[in-house]
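Biologist: Could we go through this protein together, step by step? I should like to understand how its parts are arranged.

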Amino acid sequence: MFCTNVRVDRSKTVSSTIPSHRKGKRRRDDQEQAGQVEVFYPVNCVVCSAHLGVQDAEEVFHLYHVVASNA
Ligand SMILES: [Zn+2]
């Protein structure tokens, strides 16, 4: 997905816990690893400054509150 008109604010960070997709009987160490906290940067629209989502440390966008538009 290519993103335009967005600005990544790297002066701020958002912490989010990665959800574990590995359910079941696991050793305690594995469960703690799956629940580690990852840092994200907030992503805002340059036009209306709306908060659109976050970008992770690998520069992958995670957008929400976004509606597809042809405008
Ligand atoms: Zn906007």
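Modeller: The following conversation goes from the overall layout to the strands and then to single residues.

Modeller: Please keep in mind that this is a predicted model.

Biologist: Understood. How many helices and strands are there in the protein?

Modeller: The protein has 1 helix and 5 strands. Read from the N terminus, the order of the elements is β-β-α-β-β-β.

Biologist: And what share of the residues counts as buried?

Modeller: The protein has 71 residues, and 6% of them count as buried.

Biologist: What about contacts between residues at least 6 apart in sequence: what share joins residues at least 24 apart?

Modeller: That share is 41%.

Biologist: Let us turn to the strands. Which way do β1 and β3 run, parallel or antiparallel?

Modeller: Strand β1, residues 6-8, and strand β3, residues 37-45, run antiparallel and are joined by 3 bridges. As an example, R7 has N44 in β3 as its bridge partner.

Biologist: How many bridges are there between β3 and β4?

Modeller: There are 5 bridges between β3 and strand β4, which covers residues 51-56, and the pairing is antiparallel. Within this pairing, F40 is opposite D56 of β4, and P42 is opposite V54 of β4.

Biologist: How do side chains generally point along a strand?

Modeller: In a regular strand, they alternate between the two faces of the sheet.

Biologist: What about β4 and β5: how many bridges do they share?

Modeller: Strand β5 comprises residues 61-63, and 3 bridges pair it with β4 in the antiparallel sense. One of the partners is F61 in β5, which bridges to Q55.

Biologist: Now the turns. How many residues lie between the strands in the hairpin of β3 and β4?

Modeller: There are 5 residues between those strands, and S49 has a positive phi near 65° in that hairpin.

Biologist: What is the usual sign of phi for residues other than glycine, positive or negative?

Modeller: For most residues other than glycine, phi is negative. S49 is not a glycine, yet its phi is positive.

Biologist: Is S49 buried or exposed, and why?

Modeller: S49 is exposed because 9 other C-beta atoms lie within 10 Å, and a residue with 12 or fewer counts as exposed. Its place is the loop between β3 and β4.

Biologist: Which residue takes a positive phi in the hairpin of β4 and β5?

Modeller: That residue is E59, with a phi near 60°, in a hairpin that has 4 residues between the strands. E59, too, is a residue other than glycine, and it belongs to the loop between β4 and β5.

Biologist: Why does E59 count as exposed?

Modeller: E59 counts as exposed because it has 8 C-beta neighbours inside 10 Å.

Biologist: One last residue, C45. Where does C45 lie?

Modeller: C45 is part of strand β3. C45 is partly exposed, because 15 other C-beta atoms are within 10 Å, and that status falls between the limits of 12 and 20.

Biologist: Which residues does C45 touch, leaving aside those up to four places away in sequence?

Modeller: C45 touches N5, V6, A50 and L52.

Biologist: How far apart are the C-alpha atoms of C45 and T4?

Modeller: They are separated by 8.7 Å, while the two residues are 41 residues apart along the chain.

Key. Residues numbered from 1 in each chain as written. Predicted model: local features only at pLDDT ≥ 70, side-chain atom pairs only at ≥ 80, totals over all residues. Pairing = 2+ DSSP bridges. Helix = DSSP H or I, 4+ residues; strand = E, 2+ residues; numbered from the N terminus. Contact = placed C-beta atoms within 7 Å.
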